[in-house]
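Visitor: I'd like to learn how to read a fold from its coordinates. Could you walk me through one?

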Amino acid sequence: MTDSSGTVSSEMVSSGTELGRFLRVLGHDLKLQALVRACVTADEVAVIAQQCGFAVTGDQILLCAGRQDHGVTITRVDHPGEYPGRYY
């Protein structure tokens, strides 16, 4: 999900990717939004995406933190004990 410079491009969260397709569905499904908001980690969100049939990983979600697609903003929450700068 990164380009050759190691940064995430806006094209990588576009509707052409699995994550982009998941975000499109998430943007319109209130029940799914409630499930995702209850998650604590990106891996938990990825499990929900996978259960919906999308090949999404927690790492992909974290790498896209701060991006907005289909009315959904990916927000990364810093948890104590994490390695600073690992995903940004």
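Guide: Sure, and let's start with a term: two residues are in contact when heavy atoms of theirs lie within 4.5 Å. Keep in mind that this is a predicted model. Take contacts in the chain between residues at least 6 apart in sequence: 45% of them join residues at least 24 apart.

Visitor: What is the secondary structure of the chain, and which pattern does it follow along the sequence?

Guide: You get 4 helices and 2 strands. Read along the sequence, the order is α-α-α-α-β-β.

Visitor: How many of the residues count as buried?

Guide: Buried means under 20% relative accessible area, and exposed means over 50%, with partly exposed in between. Of the 88 residues here, 34% are buried. As for the outside, the accessible surface is about 5600 Å², and carbon and sulfur atoms account for 53% of that.

Visitor: Which residues should I look at in the largest nonpolar core?

Guide: Think of a core as buried nonpolar residues joined through their side chains. The largest one has 19 residues, and Leu19, Phe22, Leu23, Leu26, Val56 and Ile61 touch the most other members. Helix 1 (18–28), helix 2 (30–37), helix 3 (42–51) and helix 4 (58–63) each give two or more residues to this core. The top contributor is helix 3, with 5 residues.

Visitor: Let's stay with helix 3, then. Which of its residues are buried, and where do they sit around the axis?

Guide: The trick is to look down the helix axis and see how the buried positions spread. In helix 3 the buried ones are Ala42, Val45, Ala46, Ile48 and Ala49. They fall within an arc of 160°, so they line one face of the helix. That buried set packs against helix 1, helix 2 and helix 4. Turned away from the buried side is a face that carries the exposed residues Asp43 and Gln51. Just after helix 3 comes Gly53, with a positive phi of about 95°.

Visitor: And which residues of helix 1 are buried?

Guide: Use the view down the axis again. Leu19, Gly20, Phe22, Leu23 and Leu26 are buried in helix 1. Their arc is 160°, so these buried residues line one face of helix 1. As for partners, they pack against helix 2, helix 3, helix 4, strand 1 and strand 2.

Visitor: Arg24 is in helix 1. Is Arg24 buried or partly exposed?

Guide: Arg24 counts as partly exposed, at 34% relative accessibility. Arg24 is also a good example of comparing sequence separation with distance in space: Arg24 and Val72 are 48 residues apart in sequence, yet their C-alpha atoms are 8.0 Å apart.

Visitor: What does Ile74 touch beyond its sequence neighbours?

Guide: For a contact list like this, leave out residues within four places in sequence. Ile74 is then in contact with Leu19, Leu23, Ile61, Cys64, Ala65, Gly66 and Arg67. Ile74 lies in the segment after strand 2 and is buried, at 9% relative accessibility. C-alpha to C-alpha, Ile74 and Ile61 are 7.3 Å apart, with their positions 13 residues apart in sequence.

Visitor: Where do I look for polar atoms around Gln33, and is Gln33 buried or exposed?

Guide: With a polar side chain, check its accessibility and then its polar partners. Gln33 is found in helix 2 and counts as buried, with 15% relative accessibility. A polar atom of its side chain lies 2.9 Å from the backbone oxygen of Leu26. Not counting residues up to four places away in sequence, Gln33 touches Leu26, Gly27 and His28.

Visitor: Which residue has a positive phi although it is not a glycine?

Guide: That's His70, with a phi of about 55°. His70 sits in the loop between strand 1 (68–69) and strand 2 (72–73). At 31% relative accessibility, His70 is partly exposed.

Visitor: Last one: how many disulfides does the structure hold?

Guide: For these you check pairs of cysteine sulfur atoms. The structure holds 0 disulfides. Cys52 is partly exposed, with a relative accessible area of 40%, whereas Cys64 is buried at 0%.

Technical notes: Residues numbered from 1 in each chain as written. Predicted model: local features only at pLDDT ≥ 70, side-chain atom pairs only at ≥ 80, totals over all residues. Heavy atoms only, no water. Buried < 20%, exposed > 50% of the residue type's maximum accessible area, 1.4 Å probe, protein only. Areas by Shrake-Rupley, 256 points an atom, 1.4 Å probe, with all protein chains shown as cover. Disulfide = S-S within 2.5 Å. Core = buried A, V, L, I, M, F, W, Y, C linked by side-chain atoms within 4.5 Å. Polar contact = N/O pair within 3.5 Å; in protein donor to acceptor, adjacent residues only side chain to side chain. Arc of directions from axis to C-beta.
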